[in-house]
Structures are given as C-alpha cells and as structure tokens.
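Please open the model in your viewer, with the sequence panel beside it, and keep a selection tool at hand. The tour moves from the whole chain to pairs of helices and then to single residues.

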Amino acid sequence: MLTDTIRNIIIAGAGSFAGGALRYTISLIMKGVGRGFPWATLAVNLTGCFLIGLLWGLLSRTSSDNSSWALFLTVGVCGGFTTFSTFSKESLLLLQGGNIWAFAAYVALSIIAGIALVAVGYYLAR
C-alpha cells in the first residue's frame, strides 16, 4: 500500500517537473510579447485547460482515469503546467453535477479570495 503511494507521488512529481519546465520554456519563448499584458500566462492557462479536457475525455473513454499515465499526464504534467486547468475541470464537474451554488461559490472564492490573499501576502512581506 505504501509503496503504491510512493510510486504515485514519484509519477505525479515527474509529470509536474515536465509541466513546470514546459511552462518556463513557454515564458522564455514569449518574453517580450505584448508588454504590459501577461500573454504567456494566459497562453499557458488556456492551453492547459484544453489539454486537461482532452486528456480527461480520452481517458474517460478507456476507463483509465486512475492509471499511471493518467496520473502522470493530468495531475503531473497539466498540474505542473498550470493549476488553472484543474480549477477549470473541477468547476465544470460541479456544473455538470447540477451544483450551481457550489460552482458559483468555488469560482467566486477561488478568484476573489485568491487575489485578496496574494495582496495580503504581498503587503505582509513588504
């Protein structure tokens, strides 16, 4: 049991490394594009949303949501690339489940509280 957990942590970590490295590479490639607007972050977030949706759809067709490849690609690569993709998938799951209030609360709290906590952290550190 513990060895499976450790193996899964390593698989997710390896994917996360690949996703993070890819994210950084894209930021380097797009450096200087549209100064004053975070185009690289937007591109990464939207690409990550598309990729996690595509992977989720493909993996759900084969019932291999819990496979090592699913873990590596979704939690690892997509999670390391952008957590916004996971946030978007979870939001869609709430909507698909008919949980409109949970969806609204999750989206509002994530965005509003997230921005507020970035500001609090920033001002505390200054």
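What follows is a series of selections, each with a note on what is there.

**The whole chain**

Before selecting anything, note that this is a predicted model, in which local features need a pLDDT of at least 70 and side-chain atom pairs count only at pLDDT 80 or more, whereas totals for chains, interfaces and linings use all residues. Residues are numbered from 1 along each chain as its sequence is written, and side-chain values use heavy atoms, with hydrogens and water left out.

Show the backbone as a cartoon: the protein has five helices and zero strands, where helices (H or I, at least four residues) and strands (E, at least two) are DSSP runs numbered from the N terminus. Read from the N terminus on, the order of elements is α-α-α-α-α. With the C-alpha trace displayed, the protein spans about 45 × 40 × 30 Å along its principal axes.

Now colour by pLDDT, the predictor's confidence in each residue on a scale from 0 to 100. The average for the protein is 88, and 96% of the residues score at least 70. Among the elements, helix H1 (residues 2–29) has the highest mean pLDDT, at 93, and helix H2 (residues 39–62) the lowest, at 86. Where pLDDT is low, the predicted coordinates should not be read in detail.

If you colour by accessibility instead, 19% of the 126 residues count as buried, a term that means under 20% relative accessible area, with exposed being over 50% and partly exposed in between (1.4 Å probe, protein chains only). For contacts, meaning heavy atoms within 4.5 Å, residues 24 or more positions apart account for 61% of those with a separation of 6 or more.

**H1 with H3**

Select H1 together with helix H3 (residues 68–81): their axes come within 6 Å and cross at roughly 40 degrees. Axes here are lines fitted to C-alpha atoms, for helices over the stretch in contact, and angles run from 0 to 180 degrees between N-to-C directions. The arrangement of H1 and H3 is therefore oblique, given that angles under 35 degrees count as roughly parallel, over 145 as roughly antiparallel, 65 to 115 as roughly perpendicular and the rest as oblique. The residues of this contact divide into eleven nonpolar, eight polar and two charged; Ala, Val, Leu, Ile, Met, Phe, Trp, Tyr, Cys and Pro count as nonpolar, Asp, Glu, Lys and Arg as charged, and the others, Gly among them, as polar.

Within H1, pick Gly19, which is buried with a relative accessible area of 0%. Setting aside residues up to four places away in sequence, Gly19 touches Val77, Gly80 and Phe81. A distance label from Gly19 to Leu42, 23 residues away in sequence, should read 15 Å from C-alpha to C-alpha.

**H2 with H4**

Next select H2 and helix H4 (residues 84–96), whose axes come within 8 Å and cross at roughly 55 degrees, so that H2 is oblique to H4. To see the contact, display Asn45, Gly48, Cys49, Ile52 and Trp56 of H2 with Phe84, Ser85, Thr86, Ser88, Lys89, Leu92, Leu93 and Gln96 of H4. By class, six of these residues are nonpolar, six polar and one charged.

Is Ser85 buried or exposed? Ser85 is buried, with a relative accessible area of 0%. Leaving aside neighbours within four places in sequence, the contacts of Ser85 are Gly48, Cys49, Ile52 and Cys78. Phe50, 35 residues from Ser85 in sequence, is 7.8 Å away in space, C-alpha to C-alpha.

**H4 with H5**

Keep H4 and add helix H5 (residues 100–125): the two pack at an angle of about 160 degrees, with their axes 7 Å apart, which means that H4 is roughly antiparallel to H5. From H4, show Phe87, Glu90, Ser91, Leu94 and Leu95, which meet Ile100, Ala102, Phe103, Tyr106, Val107 and Ser110 in H5. This contact of H4 with H5 has eight nonpolar, two polar and one charged residues.

End on Ser91 of H4, a buried residue with a relative accessible area of 4%. Apart from neighbours within four places in sequence, Ser91 is in contact with Phe103, Tyr106 and Val107.
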